[in-house]
Amino acid sequence: MRALIDVHSHLGQYSNAGMSAGGARLAQLYRTAGITHGVAFSIEACYGGIDAGNRLALEEAATEEMISVMVVAHPSHIEPSKRWVAMAKSNPKIAGVKIHPVLGNYDVLSTATYRLFEEVIAPSGLPVLSHVGNESPNVPIDRYLTLARAFPTIRFIAAHLGVGLMGLADAAIDAWKKNPAENVWFDMGTLRAFFTGSVEALLRVVGPDRICFGTDAPLYHPAPFARVLEALEISDEEREKIAWKNVLQVIPALKGRPGVP
Ligand SMILES: [Zn+2]
């Protein structure tokens, strides 16, 4: 693979020390996995502490050229969200916006979330990555696709293959068949990707241009995800697309950054 871009990783302190990382540790995990560039977001900010979390994530990424950042936005913090998203204009590290309706405790289709998208995210032109999962009534894949339909100018990534580890394997496949949203891509940062055939089955339905490599590091070791991608029963062209080409359709700003063709 010519490059390997991790579109889903975290900076900051989790409840488990080993699953926490500053910039240097995250970059080391990337290198061990053969990842050439990564997109990371603050774990603390996902819970709602967006000022402290985004500030720390940008500080930690500042000295690591292989790390780009998505700033976290939150519908209960509209003014701070505006500030962080606007910072993308002057800080080239910022490549998108992360939302986490589960940890942030809000509904992805709530009035407040729509307001966040209308007033803050859509005008920025930045892509969005959200946690999505079967175990998450706040943001299962069918409701995320509904949100994406409401904002056709925004490019969305559905994390965790759109399903996560628990629950029905076919939830994303069925939701996509009912509501294929041209502005939605998926990342494979879930242990579900280790289930034989899981990535291939989604790929057959959404096509080869929509799945992006992701690891959820440092919550998971990223290296096995790289190995899973190498082992998938797909063509080398499809592998290359998942490794780095597809993500450049969602986040064109990554082109030419260190480790990105
Ligand atoms: Zn994550």
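**A walk through helix α4, strand β3 and a helix pair**

Let's start with helix α4 (residues 78-86), where S81, W84 and V85 are buried, meaning that 20 or more other C-beta atoms, placed from the backbone, lie within 10 Å of a residue's own. Looking down the axis of α4, you'd find these buried residues within an arc of 95°, so they line one face of the helix; the arc is taken from the directions from the helix axis to the C-beta atoms. An α-helix has 3.6 residues a turn, so residues three or four places apart point the same way. The buried residues of α4 pack against α3 (50-62), β3 (67-72), β4 (94-99) and α5 (111-124). Helices (H or I, at least four residues) and strands (E, at least two) are DSSP runs, numbered from the N terminus.

A word on the model: it is predicted, so local features need pLDDT of at least 70, side-chain atom pairs count only at pLDDT 80 or more, and totals for chains, interfaces and linings use all residues. Residues are numbered from 1 along each chain as its sequence is written.

Now for V72, which sits in strand β3. V72 is buried, with 29 other C-beta atoms within 10 Å. Leaving aside residues up to four places away in sequence, V72 touches F41, S42, A45, C46, I50, G53, N54 and K98, a contact being C-beta atoms, placed from the backbone, within 7 Å.

Last stop: helix α7 (residues 171-178) and helix α8 (residues 198-206), whose axes come within 10 Å and cross at roughly 5°. That makes α7 roughly parallel to α8, the word for angles under 35 degrees. A172, I173, W176 and K177 of α7 meet A201, L202, V205 and V206 of α8.

Notes. Buried ≥ 20, exposed ≤ 12 C-beta atoms within 10 Å, placed from the backbone. Contact = placed C-beta atoms within 7 Å. Axes fitted to C-alpha atoms, helices over the stretch in contact; angles between N-to-C directions. Parallel < 35°, antiparallel > 145°, perpendicular 65-115°, else oblique.
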